[in-house]
Amino acid sequence: MTTTPLSTEAASIATPGGANEDLALTGPQFALVLDGATAEPGASTGCGHDVRWLVAEVGTRLARALLHDPEARVPLRELLHDALAELAADHGRTCDLDNPCSPTATLALLRLAGDTVEHLVLGDSTVALRDRSGAVQVVTDDRLERLIHLPWAELRRHRNRPGGFWVAGPRPEAAWHALAGSLPVAGLGTAALLTDGAARLAERYGCGWPDLLELLEREGPVQLVERVRAAELRTAPGRYPGKHQDDATAVLCRFESHERP
């Protein structure tokens, strides 16, 4: 019988001088990363909880659901929807979940389900999968990127709305808009889960995705983030839209098939 264990390495490092609003969680058959959306400056969120709380709650509820479904019978979108619905029910009693500035997060998730690797992406986090020939498939949600140039007041009107972008937060139906897919595990070597603060090594700084995966495999997640920090220091602020520096999280997943008697 052939088995395919999942092994993981992870690093989550805050913006220099800041508090980390990213999170990485891993289990026997899954890995996930979350990236909390920075609060709009000066705006009331209508919520007594901050972004870090939202990230921790979504992450732990989703991880618990994955652990309670070891046979991978429940689709990933459904797991995410139910985790967000439970969260909304818990803190909707005290917080205004209709406030357009309430805390949200992006996420990327990977699950090993028998002979299949499943992935889900919501917001601008990324899953990159590398097969044993070296070819890389990148799954990222660019709906937010297309709108990032908008001012805060306009951007928030597009959040979790048709034609806009979708993120994890007070509207559980966002889960149905996540990008989801699967691949046979046979032939896959590694996968990476990256928040946008780590993915910018490829998206901004000219490192090709195959090279990024090779670096991650060879040197690990901490070194990848250190390369990002070095690139940020070499780049003039304002050259790219969005934050000049950001929390950065990377998880390396390895699929190691072997025969079991």
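How many residues apart in helix H5 are Glu-214 and Arg-218? Keep that one in mind while we look at the helix, and note up front that this is a predicted model, so treat each distance below as a property of that model.

The answer is four: both residues sit in helix H5, which covers residues 209-219, and that spacing puts about one helical turn between Glu-214 and Arg-218. Their side chains meet in a salt bridge, with 3.6 Å from N to O. A salt bridge here needs a side-chain nitrogen of Lys or Arg within 4 Å of a carboxyl oxygen of Asp or Glu, so the 3.6 Å pair of Glu-214 and Arg-218 makes the cut. Behind this is a plain idea: side chains of opposite charge can pair when their charged atoms come close.

How do the two partners sit relative to the surface? Glu-214 is partly exposed, at 38% relative accessible area, while Arg-218 counts as exposed at 51%. Arg-218 also has another partner: a salt bridge links Arg-218 to Glu-219, with the closest N and O atoms 3.1 Å apart. Glu-219 is partly exposed, with a relative accessibility of 35%. Elsewhere, salt bridges with shared partners tie Glu-57, Arg-61, Glu-86 and Asp-90 into one network.

Now for a pair outside that helix story. Asp-142 and Arg-146 form a salt bridge too, their closest N and O atoms lying 2.8 Å apart. Asp-142 is partly exposed, at 35% relative accessibility. Taken over the whole structure, the count of salt bridges comes to 16.

The cysteines tell another story. How many disulfides does the structure hold? The count is zero. Take Cys-47, which is in no disulfide: the nearest cysteine sulfur belongs to Cys-95 and is 3.5 Å away. A disulfide requires two cysteine sulfur atoms within 2.5 Å, so that 3.5 Å separation does not qualify. Cys-47 is buried, with 15% relative accessibility.

Why does Cys-253 have no bond to Cys-207? The sulfur of Cys-207 is the closest cysteine sulfur to that of Cys-253, yet the two are 18 Å apart, which is too far for a bond. Cys-253 is buried as well, with a relative accessible area of 0%. Both Cys-47 and Cys-253 fall in the buried class because that class covers anything under 20% relative accessible area.

Definitions and conventions. Residues numbered from 1 in each chain as written. Predicted model: local features only at pLDDT ≥ 70, side-chain atom pairs only at ≥ 80, totals over all residues. Heavy atoms only, no water. Buried < 20%, exposed > 50% of the residue type's maximum accessible area, 1.4 Å probe, protein only. Helix = DSSP H or I, 4+ residues; strand = E, 2+ residues; numbered from the N terminus.
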